[in-house]
Amino acid sequence: MTNPPADLVIADLHKSFGSHPVLRGVALTVPAGTFAAIVGQSGSGKTTLLRILAGFERPDRGSVAIGGVPLDDGDTHVRAEQRRIGYVPQEGSLFPHLSVEANVGFGLSRRDRRGSRVPELLGLVGLEGLGHRYPHELSGGQQQRVALARALAVQPRLILLDEPFAALDASLRASVRDDVQTILSRAGTTAILVTHDQDEALSVADLVAVIRDGCIAQVDAPQRLYASPVDVDLGGFIGEANVMTGIARGDRIETPLGLLEVRGGVDAPFGERMTVLVRPEQVWVFPYEDGPGVAGKVVHTGFHGHDSIIGIAIESDALPRPITSRVLGALDLAPGAAVRINIRGPVNAWPQGTAPIDAADATVARAG
Amino acid sequence: MSTGHGIAVTSAGGSPSPRRAAVARAALVAGAAVLMAVVLTFLVLPIVALLTYQPVHDLIDGLRAQVTIDAIIVSLKTNAIAFAITVVLGTPFAYILARHQFRGRSVVITLVELPLVMPPAVAGLALLAAFGRLGLLGSELQVLGVDLAFTQAAVVLAILFVASPFYLRGAIAAFEALDGSVLDVAGTLGAGPVRRMLRVGIPLASGGLGAAAGASFARGMGEFGATILFAGSFQGVTQTLPLAVYSLFDANLDQAVAIGVLLLFVSAAILFASKLILRSWTTWTSPSSLRGVRSISAPR
């Protein structure tokens, strides 16, 4: 039921609305069969990119091609109805006047609609026997699965998922997400998930592209993206981060939290100022008496069941904000308690160069 | 809510005023009842008077008169033709206008709405000036052997001009209200513009389209001013039911009232049908149905 695999290649894509540039040279290659995620904040251009891929909008410049066949370039613009690119929008957008069967069969020829294809697809998404229901008789998760089956029915070369889980209840979201992931990998279809939720992107996709100000800032496997962000802003966007200034000291970096090991080595001459990113799970907390380690004082704690978040104030001019630590389970520490902290594992550091990076901003990026 | 609040305040003040609050409430209810009675009486009284103007057998005699039967035939025929033209041409017109952005779009919409606010007599004059023998297109039409003024075709044109904007305006609003992503999805499933309109756009807008069609048909059945100026009032040719009411007004008031009662029932039937369509339609419009599902699934 799948097509010969075909890579999606996006090159130098530009799009402006009026005088407002939304996409400014997007380049991205998604290998066939990959489940990719495009993640970005609202206003980053991710929705415009998706609408161009689907064929709803025409780019001002640049190209989109699948398997070497151009869909958009200077001369070509293949219309949405001829692209064979599936689209699952935020709320599923099922045809409310058609039964589940008719929804799934909408893109099929009259003969295929009566054949075994529709029941097959309903089986694939785990909705056997619900073909005669109407969309308003289904739960939100079921509606999303029908939308997926409907998109898969036409054997698309690519499926676009536009924040498909955002409208679901939190309790339902994780299970529907897993289902969708399973269904897509079983169908072997290349897929692009567009989302503003970086946790979602990291947990679902094989490949995550971060879009920022109309450009792709980084494309990587989720683990690599989290471990080695290209800059501190991206690191703060993709996960919670403690950001501070350090000074290069040969193969290590001197920070208010001690002399730390840097992932990939220190990329700056001795004595240069660098921006340092420390993940909360790298910050290990001990009772004060169990030292050694940097001394600090607990300022707030938050218990989240599976883990706890602890804010620790360190006496240092270079650390205006408390350091955040994430520990497994509960920790018996009240605000005011004296503690020591150790940093485990290598941290990330970037030379500050000429443009000073606003460390506070990067920290805030994940605070909300 | 406001009364509950008022009671809470008075009892908090410790004054012996639950009685005063009850009196105030009763006065409010009485005032509301009087207001409703006045408004309803004013609106309903003329209708009741029309219905009870003459005994039923006189009413039936009036309806069986040749002049009435001729007018019924003229009205039904011209309105059916005008209605068919309105729906067949107006639906795609409204769809294109509603779902596409282009330069001059708002000007087009304003032009469509102009006949709505134009006095019908002016519409009749305008039609004469355009299609009459001495009108703008009069000589061209004469060359083709077409003489529109004071023919049944003129009645159809008058109804079209006056009534079709009611459909167009409602249809544009109904198509504008569609969830664009549903149409987008249909596109990605291989449906071209025509199929998107026929299989998704029109079915989803059908409630609004039905209501607009009802308003347009009702306006067409009642059309008077433009018709009498442009088409005249010749029994069996251009004399529609409203024109018959007018021409019988001096000669035979009983017959005029009988036709009036008939038109009243037609209007009521259209109103009722429109409401029925709108109600059955709102049960499966896309956003509300999804919202409904989520609120149902939440407590589980």
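Among contacts in chain A between residues at least 6 apart in sequence, what percentage join residues at least 24 apart? I looked that up before anything else, and the figure is 68%. For chain B I ran the same query and got 76%. I'm noting here that this is a predicted model, so confidence gets its own entry.

**Confidence, chain A**

I pulled the pLDDT for chain A: the mean is 88, and 95% of the residues reach 70 or more. Then I went looking for a weak stretch and found residues 355–368 of chain A, where pLDDT stays under 50. The model still has 24 contacts beyond four places in sequence for that stretch. I'm leaving those alone, because predicted coordinates should not be read in detail where pLDDT is low.

**Overall make-up**

I got 11 helices and 20 strands for chain A. Its C-alpha atoms fill a box of roughly 75 × 45 × 35 Å along the principal axes. Chain A has 368 residues, and 42% of them count as buried.

Chain B is another story: I found 14 helices and zero strands. Reading from the N terminus, I just kept writing α for each element. Of its 300 residues, 34% count as buried.

**A sheet in chain A**

I traced one open sheet in chain A with five strands, in the order E15-E19-E16-E17-E18, and the pairing is antiparallel. Which strands stand at the edges? They are E15 (283–287) and E18 (323–328) of chain A; each has a single partner strand, so one side of each is left without a neighbour in the sheet. I also noted the twist, which averages 45° from one strand to the next.

Next I zoomed in on one pair inside this sheet. E16 (residues 294–303) and E19 (residues 338–343) of chain A run antiparallel and are joined by four bridges. I checked A:Lys297 by hand, and its bridge partner in E19(A) is A:Ala338.

**Cores**

I asked for the largest nonpolar core and got 132 residues. The residues with the most contacts inside it are A:Leu160, A:Ile192 and B:Ala158, so I saw names from both chains. Helix H8 (residues 152–176) of chain B gives the most to this core, with 17 residues. As a reminder to myself, nonpolar side chains tend to be buried together in soluble globular proteins.

I then listed what B:Ala158 touches, skipping residues up to four places away in sequence: B:Gly124, B:Leu127, B:Glu223, B:Ala226, B:Thr227, B:Phe230 and B:Ala231. There is also a second, separate core of 27 residues, which includes A:Val276, A:Val298, A:Val339 and A:Ile343. I placed A:Val298 within the residue range of E16, and A:Val339 and A:Ile343 within that of E19.

**Where A meets B**

I counted 25 residues of chain A in contact with 25 residues of chain B. On the chain A side, the elements that give two or more residues are helix H2 (80–83), strand E6 (85–88) and helix H6 (140–153). I sorted that side by type and got 13 nonpolar, eight polar and four charged residues.

**One residue in chain B**

Last, I looked at B:Tyr246, which lies in helix H12 (residues 241–251) of chain B. Is B:Tyr246 buried or partly exposed? It is partly exposed, because 15 other C-beta atoms lie within 10 Å, and buried would take 20 or more. I also took its C-alpha separation from B:Phe224, which is 22 residues away along the chain: 9.2 Å.

Note on methods:
Residues numbered from 1 in each chain as written. Chains lettered and ligands numbered in written order. Predicted model: local features only at pLDDT ≥ 70, side-chain atom pairs only at ≥ 80, totals over all residues. Buried ≥ 20, exposed ≤ 12 C-beta atoms within 10 Å, placed from the backbone. Contact = placed C-beta atoms within 7 Å. pLDDT = per-residue confidence, 0-100. Pairing = 2+ DSSP bridges. Axes fitted to C-alpha atoms, helices over the stretch in contact; angles between N-to-C directions. Core = buried A, V, L, I, M, F, W, Y, C linked by C-beta atoms within 7 Å. Nonpolar A, V, L, I, M, F, W, Y, C, P; charged D, E, K, R; others polar.
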